[in-house]
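Me: Could you take a close look at one part of this protein for me, the salt bridges? I'd like them walked through in one go, with whatever surroundings help to place them.

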Amino acid sequence: MGHLIVSDLTKTVGDKTLFNDISFTINEGDRIGLIGINGTGKSTLLSIIAGALDADRASFDHPNDYRIAHLPQDPRPDPELTVLQSVFGGDSPLIRLNREYEDALRALGNEPDSTAAQDRFTKLQNRMDSDGGWDLNARAKTILSKLGISDYEAKTGSLSGGQRKRVALARVLLEPADLLLLDEPTNHLDVASIEWLQDYLKQVGGAILFITHDRYFLDSVAGKIYELADRTLYSHRGTYSDFLEAKALRIEQDEATFEKNKNRYRNELKWIRRGAKARSTKQKARIGRFEELSEKVKKEDGPDPLDLSLASSRLGKKVLEGERITKGYGGRNIIRDFSFLLQGGDRVAVIGPNGAGKSTLMNLLAGSIQPDSGELIRGETVKIAHFTQHLPEMDPNQRIISYVTEASNDIRRQDGTRYSAVQMLEQFLFPSNVHGTLIGKLSGGERKRLYLLRLLIEQPNVLLLDEPTNDLDLETLSVLETFIDSFPGVVVTISHDRFFLDRTSRKLWILDGSGEVTQELGLYTDYLEKAARQEKEAAATPAVAEKPAHQAEKPKKKKMTLGEKKEWEKIGAKIETAEQAIMEAEEELAEAGADYGKVSEISARLDELNREYEALIERWSYLEEIAEA
């Protein structure tokens, strides 16, 4: 155990300086979330600390036996190794022992009559007993299981990219280390695995520095935030929520300072325009201050945020309708007898365990594959944009501005005003000085952001988003969420990012892995909490012996009372009224600014409105069950 002190770290890639003379200290027990816009050098920083990449200049101070374990964003294990061989790839004595034991076990399986193989296996088995190797072996298999890997003898070359990432994560978690460096550890994990990883990392000894786009995960694990921006590393103590609160306050203060500078600038400009002659030293100094202030105002007065309510192609009442859609592979139904109707304004989250068929369902909606049976009816005016997990080929020699203008150079908003491709690039965090940059020089996250922008400015009316949050920075996610808020069409999303789904979806399509798809209204986290509660209640309920078939009683269907029927007819309107009241309170809260008394009063009212809303939803759910029965 110990600490890592990094001083005067500078790194330039091509003609771009990522960070210049940054310094920081990582202490034992630190849990640090590293954030920043794609392209600022987050992954590069982790690779430099891990020793996988050289810095232009840097000073590192740590104990001689300081151990670092690194999970890169795109790990590339030896394709000929099995899962267990890859996981036991470290250098600690116990890991080496487990690697040798698994090799001996495999050799014995191949040559069970070989005396040499039997002797070697017995010797290593005894060492596993004496050195405590079994605990590590069991721990490795538990970690793999929690991360959704069950075939320990599969060659890593046969695994998908997401599975390889999970195997690499298991290897890093198994290695004894003073510092864990984790680059997007939640990518390709389902919610159960993410929640398990959250709890696991809280128990890990040593320090952790990690990059993630998952804001719930970041807020749960990190006790300190490092932000890479403007070639500098900023340190913030506290959770991600604390960081956002502090940043909002800083922006508010900066805006107040900027307004003061603008007023000063106007006064100075009046004086300059009066034609005062710069003869005296005092006058020359004043003109110098004016020029300096002018540059400062220009620098701070960046492009105004765009209203992202872009116009989309006209959409009819019926967008997409499925009638008893079925799709299977290898004799197994992935989707079975699924019927649905998508209408304008729908926001749907497709959820379920890995391998349940979420991407298959998305490809059916996109029309890239056809159902085995059933009918998919598409509205005449439907224009689909399908954001897939894997980016299409992009010409590395094409410039950013050219790539965007190929799709459109003139984007129309709903009110008829138009935006240029340059304005849209700036809104999607590509400042004007990089518009001529070659695509080949962009990071993976920057390419993903650019591809997303290109899809959006083609002005579709149906967005199919398959894991859009992977590898995107938090600011880009915020831009995308704002876009979805004002998008008049349909949005269907697959994501393991709980915050993103809560922010953008109000309807759930739940795949269970056996072909069944159920539909529910509500937030994703509410569904998870309900599922966890039901699982806990089921585990706590004692098993009751089943009656013989001839004695089985039919469950009695509960009927609505007259009062409940009247309540059922009116409760929808009450829910809409409650939602409107919440929206109005949230708008008041946003306008309250720094009036903390008003903020406190509105917040208390908003809490009460939310409680009433939740009670209405719970009552509606109860009445709906009776109505369906």
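Reply: The count of salt bridges comes to 24, and keep in mind that this is a predicted model. Let's start with one that spans a long stretch of sequence. Lys 224 and Asp 30 pair up through their side chains, with an N to O distance of 3.6 Å. These two sit 194 residues apart and link distant parts of the chain: Lys 224 belongs to strand S8 (residues 224-229), while Asp 30 is in the loop between strand S2 (16-26) and strand S3 (31-35). Are the two partners buried or exposed? Lys 224 has a relative accessible area of 7%, so it goes down as buried. Asp 30 comes out at 13%, which makes it buried as well.

Next, a pair with nearby numbers. Arg 171 makes a salt bridge with Glu 175, and their closest N and O atoms are 3.1 Å apart. Arg 171 is partly exposed, its relative accessible area being 29%.

Then there's a strand-to-strand case. Asp 337 and Arg 324 meet through their side chains at 3.4 Å, N to O. Asp 337 is part of strand S11 (residues 332-342) and Arg 324 is part of strand S10 (residues 320-329), so this salt bridge ties together parts 13 residues apart in sequence. Asp 337 is partly exposed at 40% relative accessibility, whereas Arg 324 reaches 54% and is exposed. Beyond pairs, there's also a network: Arg 215, Glu 481, Asp 485 and Arg 503 are joined into one by salt bridges that share partners.

Now for charges that gather without pairing. Where does negative charge collect on the surface? Asp 526, Glu 529, Glu 614 and Glu 618 form a negative patch there. Residues in a patch have no salt bridge, so these four acids stand outside the pairings above. Helix H17 (524-540) and helix H19 (596-628) each bring at least two residues to the negative patch. Take Glu 614, for one: this residue is in helix H19, and its relative accessibility of 52% puts it in the exposed class.

Two other spots are handy for getting your bearings. Ser 193 lies in helix H7 (residues 191-203) and is buried, with just 4% relative accessible area. Leaving out residues up to four places away in sequence, Ser 193 touches Lys 146, Leu 147 and Gly 148. Ala 366, for its part, is in helix H11 (residues 358-366). With the same kind of sequence neighbours (up to four places away) left out, Ala 366 is in contact with Arg 378, Ile 384, His 386 and Leu 464. Between Ala 366 and Lys 383 there are 9.8 Å from C-alpha to C-alpha, for a sequence separation of 17 residues.

And here's the backdrop for all that. The protein has 19 helices and 20 strands, and 42% of its 629 residues count as buried. Among contacts with a separation of 6 or more, 69% are between residues 24 or more positions apart. The protein exposes about 33300 Å², with 48% of that supplied by carbon and sulfur atoms.

Notes
Residues are numbered from 1 along each chain as its sequence is written. This is a predicted model: local features need pLDDT of at least 70, side-chain atom pairs count only at pLDDT 80 or more; totals for chains, interfaces and linings use all residues. Side-chain values use heavy atoms; hydrogens and water are left out. Patches are made of residues with over 30% relative accessible area and no salt bridge: like charges are joined within 9 Å, nonpolar side chains (Val, Leu, Ile, Met, Phe, Trp, Tyr) within 5 Å. Accessible areas come from the Shrake-Rupley method with a 1.4 Å probe; for residues, only the protein chains shown count as cover. Lys and Arg count as positive and Asp and Glu as negative; His and the chain ends are not counted. The place of a charge is taken as NZ of Lys, CZ of Arg, CG of Asp or CD of Glu. Helices (H or I, at least four residues) and strands (E, at least two) are DSSP runs, numbered from the N terminus. Buried means under 20% relative accessible area, exposed over 50%, partly exposed in between (1.4 Å probe, protein chains only). Contact means heavy atoms within 4.5 Å.
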